[in-house]
Amino acid sequence: MEVRAAHEDDLEQINEIYNHYVRTSPATFDIDEVSLETRRRWFEQFGSSGPHRIFVARDGDEILGFAYSSRLHERKAYETSLNVTVYVAPDRRTTGVGKALYSALFEAIAGEDVHRAYAGISMPNPASVRLHESFGFRQVAVFSEQGRKFDKYWDVAWFEKEL
């Protein structure tokens, strides 16, 4: 497995992984699949340096997952806070892909002018909670019934990591 910065050529497979979770999981609150054109515009926020980064894990030509850091909020005072997330191909979950991705991501943003990383996890999701806690995240809040998907309301636990 190789972990590297994502390229535009990776977007189709990134989108396939993400849209799997749109269709099958409350891990994302998107209801409609994301088009490749929308994914291309989304990709423009990431750079090869700075705090907003995206990485992929690959096995040959296959993308196994992706992780990224992005703005938590548009207001200026939030610029040292990051939203982080990781998505792993469904057949590669619990194989160390998420851990490898987060390791690369946090190594890449070390030394940047960032203070906190935040991750929202729709509950229940014990595997994601374990992954985040293994990187030093701690739960700081639960927003009850924050989103509705599949005709059900889902709680979202918010996790915080000091950077």
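**Note on the cores, strand pairing and aromatic contacts**

1. Both Tyr102 and Phe137 are buried. The model under review is a predicted one. These two residues form a stacked aromatic pair, with 6.4 Å from centre to centre and 20° between the planes. The pair links distant parts of the chain, since Tyr102 belongs to helix 3 whereas Phe137 lies in the loop between helix 4 and strand 6, 35 residues apart.

2. A further aromatic pair, Phe143 with Trp158, is tilted: the centres are 6.4 Å apart and the planes make an angle of 50°. Phe143 lies in strand 6 and Trp158 in strand 7, so this pair ties together parts that are 15 residues apart in sequence. Phe143 is partly exposed, with a relative accessible area of 40%, and Trp158 is likewise partly exposed, at 22%.

3. Tyr102 and Phe137 also appear in the largest nonpolar core, which has 25 residues; the residues with the most contacts inside this core are Val84, Val86, Leu101, Tyr102, Phe106 and Phe137. At least two residues each are supplied by strand 2, strand 3, strand 4, helix 3 (97-109), strand 5 (116-123), helix 4 and strand 7 (152-162). Helix 3 provides the largest share, seven residues. Separate from this core is a second one of 18 residues, which includes Val22, Val34, Phe43 and Phe46.

4. The surroundings of Phe137 deserve a closer look. Not counting residues up to four places away in sequence, Phe137 touches Val84, Phe106, Ala117, Tyr118, Ala119, His132, Phe159, Glu160 and Lys161. Among these neighbours, Lys161 places its charged end over the ring of Phe106, 5.2 Å from the ring centre.

5. His132 is found in helix 4 (residues 126-134). His132 counts as buried because its relative accessibility is 3%, and the cut-off for that class is under 20%. Leaving aside neighbours within four places in sequence, His132 is in contact with Tyr102, Ala119, Ile121 and Phe137.

6. Helix 1 (residues 11-24) has the length expected of it: at 1.5 Å a residue its 14 residues should span 20 Å, and the end C-alpha atoms are 20 Å apart, which agrees. Its buried residues are Leu11, Ile14, Asn15, Ile17, Tyr18, Asn19, His20, Tyr21 and Val22. The cover over these buried residues includes helix 2 (36-43), strand 2 (54-59), strand 3 (62-71), strand 4 (81-88) and strand 6 (138-149).

7. Strand 2 is mostly covered, with five of its six residues buried. Strand 2 pairs with strand 1 (residues 2-5) in the antiparallel sense over four bridges, and with strand 3, also antiparallel, over six bridges. Val56 of strand 2 stands opposite Arg4 and also opposite Phe66 in strand 3. Strands 2 and 3 form a hairpin with two residues between them, and Gly60 in the turn has a positive phi of about 65°.

8. The structure holds 15 aromatic pairs. One aromatic cluster is formed by Tyr18, Tyr21, Trp42, Phe43, Phe46, Phe66, Tyr68 and Tyr87. Tyr18 and Tyr21 are among the buried residues of helix 1, while Phe43 and Phe46 are included in the second nonpolar core. Over the face of Tyr18 lies Arg39, at 4.8 Å from the ring centre.

Note on methods
Residues numbered from 1 in each chain as written. Predicted model: local features only at pLDDT ≥ 70, side-chain atom pairs only at ≥ 80, totals over all residues. Heavy atoms only, no water. Expected span 1.5 Å × (residues − 1). Buried < 20%, exposed > 50% of the residue type's maximum accessible area, 1.4 Å probe, protein only. Contact = heavy atoms within 4.5 Å. Core = buried A, V, L, I, M, F, W, Y, C linked by side-chain atoms within 4.5 Å. Pairing = 2+ DSSP bridges. Phe/Tyr/Trp six-rings, centres within 6.5 Å; stacked < 30°, edge-to-face > 60°. Lys NZ or Arg CZ within 6 Å of the ring centre and 35° of its normal.
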